[in-house]
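Reader: I am beginning to study protein structure and would be grateful for a close look at one position, followed by an account of the surrounding model.

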Amino acid sequence: MRLLKVATCNLNQWAMDFDCNIKNIKESIAKAKEAGAVIRLGPELEITGYGCEDHFLELDTVTHAWECLKELLVGDWTDGILCSFGMPVIKGSERYNCQILCMNRKIIMIRPKMWLANDGNYRELRWFTAWKQKDQLVEFQLPGDVSEALSQESVPFGYGYIQFLDTAVAAEVCEELFAPVPPHAELALNGVEVFLNASGSHHQLRKLDIRLRAFIGATHTRGGVYIYSNQQGCDGGRLYYDGCASVVVNGDLVAQGSQFSLNDVEVVIAQIDLEAVASLRGSISSFQEQASCKNRVPSVQAPYNLCQSFNLKMCLSSPLKIKYHSPEEEIAFGPACWLWDYLRRSGASGFLLPLSGGADSSSVAAIVGCMCQLVVKDIANGDEQVKADAIRIGQYTDGQYPTDSREFARRVFYTVFMGSENSSESTKSRAKVLADEIGAWHLDISIDGVISALLTLFQAVTGKRPRYKIDGGSNAENLGLQNIQARIRMVLAFMFASLLPWVHNKPGFYLVLGSSNVDEGLRGYLTKYDCSSADINPIGSISKQDLRAFLRWAATHLGYASLADIEAAPPTAELEPIRSNYSQLDEVDMGMTYEELSVYGRLRKIFRCGPMSMFKNLCYRWGAKLTPQEVAEKVKHFFKYYSINRHKMTTLTPSYHAESYSPEDNRFDLRQFLYNVRWPYQFRKIDELVKELDGDRVHLGESSNLGDSSHGGGMGVVAAGSGNPNVGL
């Protein structure tokens with residue numbers, strides 16, 4: 001037997017906070033050593049933090065990374081343990097995203113990333129160059145102070161692996177695992193048994209299965225030990241890195257860390273017999289044949305043993321059942337952990353939420369309540385860092401600390417119902433009941449006086465006073481009156497957030513939380529600079545359908561029973577007067593359902609459909625119920641209002657990223673914001689095609705019907721996928 005004990009970790013790094021990052025790295029090494037591990041893997045770019053973005057272009061960032069690495073190497077941190085550290089490295093004129101493999105106070109080799117993540121939220125090619133020389137390792141001259149401190153002038157640099165006396169180890173960095181021809185395939189044929197994947201992978205609903213299946217697939221048919229490390233937490237932006245450090249052996253998961261946690265450092269240990277890898281490879285004839293004629297990968301010799309022989313005191317890790325969270329749990333725990341990181345790192349004293357009693361703002365309130373529950377739970381489990389942060393934020397004194405989530409919420413969470421003459425008693429009551437269940441400090445105020453003052457000012461200046469459409473006003477008047485209410489709420493929210501702490505003799509300020517969902521952003525069904533404008537938004541990239549499922553789950557699992565009634569109520573903005581024959585409803589206002597919006601969003605973003613492609617695919621998806629003419633009208637209606645309102649995405653509140661069709665303009669969905677909203681060429685082509693069809697319906701299989709994608713029914717991949725929340729991961 002060749003017994004190997006390895007450690008991987010989830011680290012809550014913070015971009016550009018080198019003190020925080022080096023502290024977490026050291027703690028993870030200490031825990032790995034204490035467990036007896038001889039390999040310790042950390043996340044991608046862990047020294048700087050993954051999310052430095054354009055700070056990577058600053059030479060200071062690279063210099064400070066070398067300083068931190070030197071601190072790790074001149075101490076005893078790497079004594080007797082192979083450590084893989086992530087940091088940027090400049091070689092010649094190029095900057096590379098690198099893994100630095102170190103042991104016994106020396107750098108064994110530097111492995112630059114070869115395939116860079118450059119889609120969706122990732123822009124690595126903006127900051128780094130991909131390493132392209134696969135046939136040889138080159139010498140890298142270490143910076144002078146590092147060289148002097150380590151008594152080491154140069155190190156091997158490039159694509160290769162480390163050959164120890166008893167096994168071979170190689171790095172495969174994040175995106176490389178998902179490349180069409182991943183490095184691990186070639187490395188396995190060269191005898192590499194242990195693969196180290198340092199990653200900076202963010203959370204997205206339903207994505208974890210894709211990641212874990214990749215680890216399993218990497219070793220199922222060719223054998224090997226696949227070790228994965230990830231960041232966990234908010235490192236300064238919209239993304240939440242969702243941990244789940246794992247170890248897979250020959251296609252079996254043998255160790256799995258948490259996906260969501262408030263802990264800064266989590267170390268996952270696995271104990272493996274490498275003979276299991278050798279045995280599997282030796283039993284696969286095709287593997288043997290391909291290995292006999294492989295392309296040789298360069299290697300570095302390391303004169304150390306990593307393995308132990310047969311030892312009954314060392315128990316081996318057994319296969320585990322993979323742990324997945326439901327989408328409802330992901331919505332609860334991911335944004336809750338993201339909010340906690342943002343709160344404790346921003347210097348704020350708490351959150352303020354305009355709570356309307358509707359589904360969206362109630363979802364945000366429930367997520368804050370979940371955050372408070374997680375804080376109290378982690379303190380009870382002995383997490384001293386969470387306890388220290390909670391004492392500071394909640395202003396506890398005399399040795400007190402949070403022991404009850406409702407009491408803690410009372411200290412850090414304000415909710416405000418800002419009612420008008422158009423608000424119903426039911427939404428007002430639901431907001432108060434939910435706030436009480438969570439423990440929030442709740443205010444109930446009327447904004448009618450402020451609105452009346454503004455309208456009086458307008459009338460004094462113009463001589464006219466606008467009326468609602470239901471009272472005989474024009475569309476412009478109706479929209480203007482709704483926007484006044486919405487924007488006043490934004491102004492009041494920020495005023496209360498800045499001044500309520502002063503009123504209650506508390507230091508600091510409160511962060512204003514937004515509560516618009518991804519579908520409303522896509523359609524533009526929000527007022528620019530209304531309550532969608534906030535400091536941060538934990539649900540801005542979550543669909544209405546997922547939020548409603550979350551509310552049903554949270555009513556039971558978080559203990560906020562009023563959420564069931566909130567979910568059952570029809571969505572309404574309550575910005576127009578309620579009459580016996582009229583009540584404003586969101587889906588009527590939008591001219592489309594939230595379910596349809598999700599379909600449009602997936603086709604537009606994930607399947608890259610313009611108006612014509614969307615029309616053709618929706619003829620297949622909806623052809624059993626709608627004529628091509630009716631489909632065409634729906635498509636044109638969506639693109640008209642999408643393009644009219646696209647400018648609103650430029651001011652969208654920074655939102656937790658969770659959905660693959662998010663229209664967030666900052667870096668995920670990069671498109672213009674000034675359109676010809678008539679789409680004259682594209683819509684003309686749709687009309688021509690509809691005319692050619694002359695009323696014909698698309699031929700579909702018997703299983704097809706509107707909204708049913710379970711069987712495809714002749715829809716094709718794109719049309720069927722437009723209704724599948726798992727696509728685009």
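How is Gln-395 classed, as buried, partly exposed or exposed, and at what relative accessibility?

Author: The model is a predicted one. In it, Gln-395 counts as partly exposed, at 27% relative accessibility. The reasoning rests on two limits: a residue is buried under 20% and exposed over 50%, with partly exposed in between. The value of 27% for Gln-395 therefore belongs to the middle class.

The backbone at this position also deserves attention. Gln-395 lies in the loop between helix 11 (384–394) and helix 12 (405–412). Its phi is positive, at about 55 degrees, although Gln-395 is not a glycine. Most residues other than glycine have a negative phi. Cys-174 offers a second case, with a positive phi of about 40 degrees although it is not a glycine. Cys-174, too, is found in a loop, between strand 9 (168–171) and helix 5 (183–189). Cys-174, however, is buried, with a relative accessible area of 9%, whereas Gln-395 is partly exposed. A glycine with a positive phi appears after helix 9: Gly-347 follows this helix and has a phi near 85 degrees.

Helix 9 itself covers residues 327–346, which is 20 residues. From its first C-alpha to its last, helix 9 reaches 28 Å, close to the 28 Å expected at 1.5 Å a residue. Helix 9 is mostly covered, since 15 of its 20 residues are buried.

The cysteines raise a further question of reasoning. The count of disulfides is zero. A disulfide requires a pair of cysteine sulfur atoms within 2.5 Å. The cysteine sulfur closest to that of Cys-9 belongs to Cys-83 and is 9.5 Å away, so the two are too far apart for a bond. Cys-609 is likewise in no disulfide, as the nearest cysteine sulfur, in Cys-619, is 12 Å away. Both cysteines are covered: Cys-9 is buried with a relative accessible area of 1%, and Cys-609 counts as buried at 7%.

Salt bridges, by contrast, are present, and the structure holds 33 of them. One of these joins the side chains of Glu-46 and Arg-40, with 2.8 Å from N to O. Both of these residues, Glu-46 and Arg-40, are buried.

Another salt bridge joins Asp-209 to Arg-213, at 3.2 Å from N to O. These two residues are four apart in helix 6 (residues 208–220), so about one helical turn separates them. The general geometry is helpful here: an α-helix has 3.6 residues a turn, so residues three or four places apart point the same way. Both partners are partly exposed, Asp-209 at 30% relative accessibility and Arg-213 at 47%.

A third example is the salt bridge between Lys-636 and Asp-687, at 2.7 Å from N to O. This pair links distant parts of the chain, for Lys-636 is in helix 22 (residues 628–645) and Asp-687 is in helix 23 (residues 680–693), 51 residues apart. The partners fall into two classes: Lys-636 is buried, with a relative accessible area of 14%, while Asp-687 counts as partly exposed at 36%. Salt bridges may also share partners, and in this way Asp-264, Asp-341, Arg-344, Asp-389 and Arg-392 are joined into one network.

We may now turn to the strands. Strand 11 (residues 225–233) is mostly covered, and nine of its nine residues are buried. Strand 11 and strand 10 (residues 194–199) run parallel and are joined by six bridges. In this pairing, Ser-199 has Asn-230 of strand 11 as its bridge partner. Strand 11 also pairs with strand 1 in the parallel sense, over two bridges. Leu-11 stands opposite Gln-231 in strand 11.

Finally, the surface carries a nonpolar patch of about 450 Å², made by Met-1, Phe-310, Leu-312 and Leu-316. Met-1 lies in the segment before strand 1 (3–11). With a relative accessible area of 48%, Met-1 is partly exposed, the class to which Gln-395 also belongs.

Conventions:
Residues are numbered from 1 along each chain as its sequence is written. This is a predicted model: local features need pLDDT of at least 70, side-chain atom pairs count only at pLDDT 80 or more; totals for chains, interfaces and linings use all residues. Side-chain values use heavy atoms; hydrogens and water are left out. Buried means under 20% relative accessible area, exposed over 50%, partly exposed in between (1.4 Å probe, protein chains only). The expected span of a helix is 1.5 Å times one less than its number of residues. Patches are made of residues with over 30% relative accessible area and no salt bridge: like charges are joined within 9 Å, nonpolar side chains (Val, Leu, Ile, Met, Phe, Trp, Tyr) within 5 Å. Accessible areas come from the Shrake-Rupley method with a 1.4 Å probe; for residues, only the protein chains shown count as cover. A salt bridge is a side-chain nitrogen of Lys or Arg within 4 Å of a carboxyl oxygen of Asp or Glu. Two strands pair if DSSP finds at least two bridges between them.
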